[in-house]
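Thanks for making time this morning; I would like to walk you through one structure, beginning with its repeats and ending with one of its sheets. Please have a look at it first.

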Amino acid sequence: MSVIVAQALHIFGFQSRVANNICFFDEQIIVYPAGNSCVKYHIEQKWQKFIPGSEKSQGMLALAISPNRRYLAISEVLQDRPTITIYELSSVPCKKRKILNTFDFPVQEFISLAFSPDSKYLVAQSGPPESNLAYWMWEKQRTMAIVKVDTQNNPPYQVSFNPQDNTQVCVTGNGIFKLFRYTEGTLKQTNFLRGEPQNYLSHAWLSEEKVIVGTDTGKLYLFDSGDLRWETTIEHKETVSEVAREEQVQESESLVEFPVTSSPAFSSEAVCKHSQMSLPQISAIAAYSKGFACSAGPGLVLLFEKSEEKEGYRECRQIRIPQDQCSSDPNQSDKQEIVCIAFSPTEETLLISTNKNQLYFLSMSSAEITKGEAAHFEYLNYPIHSSSVTGLDTCIRKPLVATCSLDKSVRIWNYETNTLDLYKEYQEEAYALSLHPSGLYVLVGFADKLRLMNVLIDDIRAFKDFTVRGCRECAFSTGGHLFAAVNGNVIHIYSTTSFDNVINLKGHNGKVRSMVWSMDDYKLVSCGTDGAVYEWNLQNGKRESECVLKSCSYSGVAISPDAKVVFAVGSDHSIKEICDSSILREVPTFDVAYTCIVVARSGRMVFTGTSTGTIRAMKYPLPVHKEFNEYQAHAGPVTKV
């Protein structure tokens with residue numbers, strides 16, 4: 001029997017928690033993690049190619065690209081086993097070259113990876129409590145050396161190779177700055193720190209001997225062959241939003257009373273705390289031919305160039321993340337922490353990623369021209385969701401996908417042009433969303449109310465609020481003249497034209513988790529945590545059929561195009577085919593839970609989302625055996641399909 005084949009076309013997203021999450025393959029193509037895949041993305045032509053994550057992966061942890069740009073190493077955890085997969089980037093599609101997954105030393109996960117200058121060796125740093133540093137000749141899967149980097153249970157953050165020397169490795173972490181040299185089958189530490197240990201967040205090699213290291217208190221240290229040669233402290237630089245706020249405060253400052261120095265309200269501890277808060281964290285550093293770039297607290301990157309003095313570097317440029325005017329709070333965008341900085345091979349482009357899953361770029365030549373003033377980053381293509389996506393819908397008239405998220409935003413994407421058409425941020429988290437079949441209205445369930453909004457050319461504008469609090473599920477009817485909204489265990493049906501509450505459907509004893517309209521809009525099917533699947537007649541609001549299985553908490557429901565068969569998925573690891581109040585068939589899910597289900601308009605295909613983040617495509621009638629295609633999609637459970 002042939003199986004349904006589905007292919008990934010485009011991924012709107014980014015995974016900022018992966019270490020070293022921007023890698024340049026060449027001047028125009030970058031590699032970055034998104035969902036459970038790595039994306040090869042062409043900056044100019046905007047196409048994407050995919051390197052899918054390994055099967056049963058629990059998510060990526062770190063990336064590394066080899067200096068010859070041929071190989072990409074990905075650290076993952078597969079069914080609680082740490083694994084490093086090395087791909088050949090030059091082949092199309094990218095081929096797996098080697099898999100390192102058997103280790104003769106204790107390890108839970110590898111948090112940082114690096115290739116040697118000749119691309120033949122690989123180092124990997126494991127996290128605490130083991131904190132082992134492993135050194136391989138990866139082609140032959142031969143472990144050359146292992147060393148325990150830390151005995152105090154302090155976390156290491158980053159490992160790197162000397163750019164000119166296969167035998168020298170640097171590791172930084174909390175209280176850790178260690179240089180190791182590989183000799184005679186062992187890694188020997190070659191430097192010893194003097195003075196108070198710092199929390200070393202990031203580092204970069206500037207030459208064969210020199211390493212620049214950044215701390216969480218805004219200090220930069222330059223080490224030459226392991227000895228401290230130069231240091232500087234980066235002062236807290238006010239963001240655009242802070243400057244604006246200070247101007248407001250100054251107007252009312254005469255009303256503020258400050259405690260006298262001797263008074264008990266004034267303490268040196270408080271002063272320390274304030275200065276501690278304002279010290280910028282140097283969370284990312286990248287070297288380039290003239291010096292280095294480093295993060296200097298939220299929303300700011302500084303460029304340093306070699307100074308005329310013998311050892312040091314001087315700050316020559318500030319580059320800021322601009323304020324986002326589409327946001328309900330534009331000040332939030334310049335409060336993002338920068339997690340990774342990368343220069344393109346010719347140093348024409350500077351890319352950064354932030355902890356809010358955003359990618360920004362700067363053309364270095366344009367930064368040179370405007371040297372006097374502060375430069376600003378631009379979005380690499382468009383702003384992306386920075387938190388879990390809670391609602392998703394499409395419409396029949398336009399090539400649009402609408403999404404809402406816990407990041408308090410609603411976004412309208414175009415799947416023909418693969419662009420973001422519109423987005424808007426709100427004061428409340430958005431839990432559910434439905435797009436009108438015409439694509440002209442969107443219904444969004446917020447924590448405090450349900451809002452019906454117009455989708456305009458350049459705005460998403462609310463025009464009617466409904467008092468449905470914490471609505472976690474809403475859906476326009478197939479014709480768009482009605483919509484359903486869930487409030488706990490009650491389903492409210494409203495008219496889209498008169499906004500009247502036409503009917504209320506009561507009967508569920510638990511929260512309603514999913515609902516779907518029939519093609520003719522005469523029926524609505526709902527399922528809930530109470531183990532009930534109900535089919536409602538919308539003429540009189542009565543239940544036409546019911547199927548209750550208290551042992552199962554349902555999470556998703558779908559209906560066949562002829563409205564005769566209902567499909568339900570939930571916590572008991574099966575798909576149920578329900579007809580006339582009875583279960584016709586139960587098809588096992590084989591070791592995962594299905595979170596959601598949809599049926600194609602033809603009625604011949606069924607797609608499910610799983611708790612492990614994969615998508616399964618199968619034919620209808622449903623196969624009893626494992627006859628489905630499974631795609632690695634997300635690094636967490638699928639919330640909507």
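What you see is a predicted model, in which local features need pLDDT of at least 70 and side-chain atom pairs count only at pLDDT 80 or more, while totals for chains, interfaces and linings use all residues. Residues are numbered from 1 along each chain as its sequence is written, and side-chain values use heavy atoms, with hydrogens and water left out.

Let me start with the record: an unreviewed UniProt entry places the annotation "repeat: WD" on residues 382–423 and 505–546, and such annotations may be inferred rather than shown by experiment. Residues 382–423 are 0% helix and 55% strand, with end C-alpha atoms 10 Å apart, where strands are DSSP runs (E, at least two residues) and helices are runs of H or I of at least four. Residues 505–546 are 0% helix and 60% strand, and their end C-alpha atoms lie 13 Å apart.

Next, the interior. The largest nonpolar core, meaning buried residues (under 20% relative accessible area, 1.4 Å probe, protein chains only) of the types Ala, Val, Leu, Ile, Met, Phe, Trp, Tyr and Cys joined through side-chain atoms within 4.5 Å, has 21 residues, and Ile30, Tyr32, Leu351 and Leu380 have the most contacts inside it. β2 (29–34), β3 (37–42), β25 (338–343) and β33 (419–425) each supply at least two residues of this core, and β2 gives the most, with three.

Finally, an open sheet is formed by four strands in the order β17-β18-β19-β20, with antiparallel pairing, where pairing requires at least two DSSP bridges between two strands.

Definitions and conventions
Buried means under 20% relative accessible area, exposed over 50%, partly exposed in between (1.4 Å probe, protein chains only).
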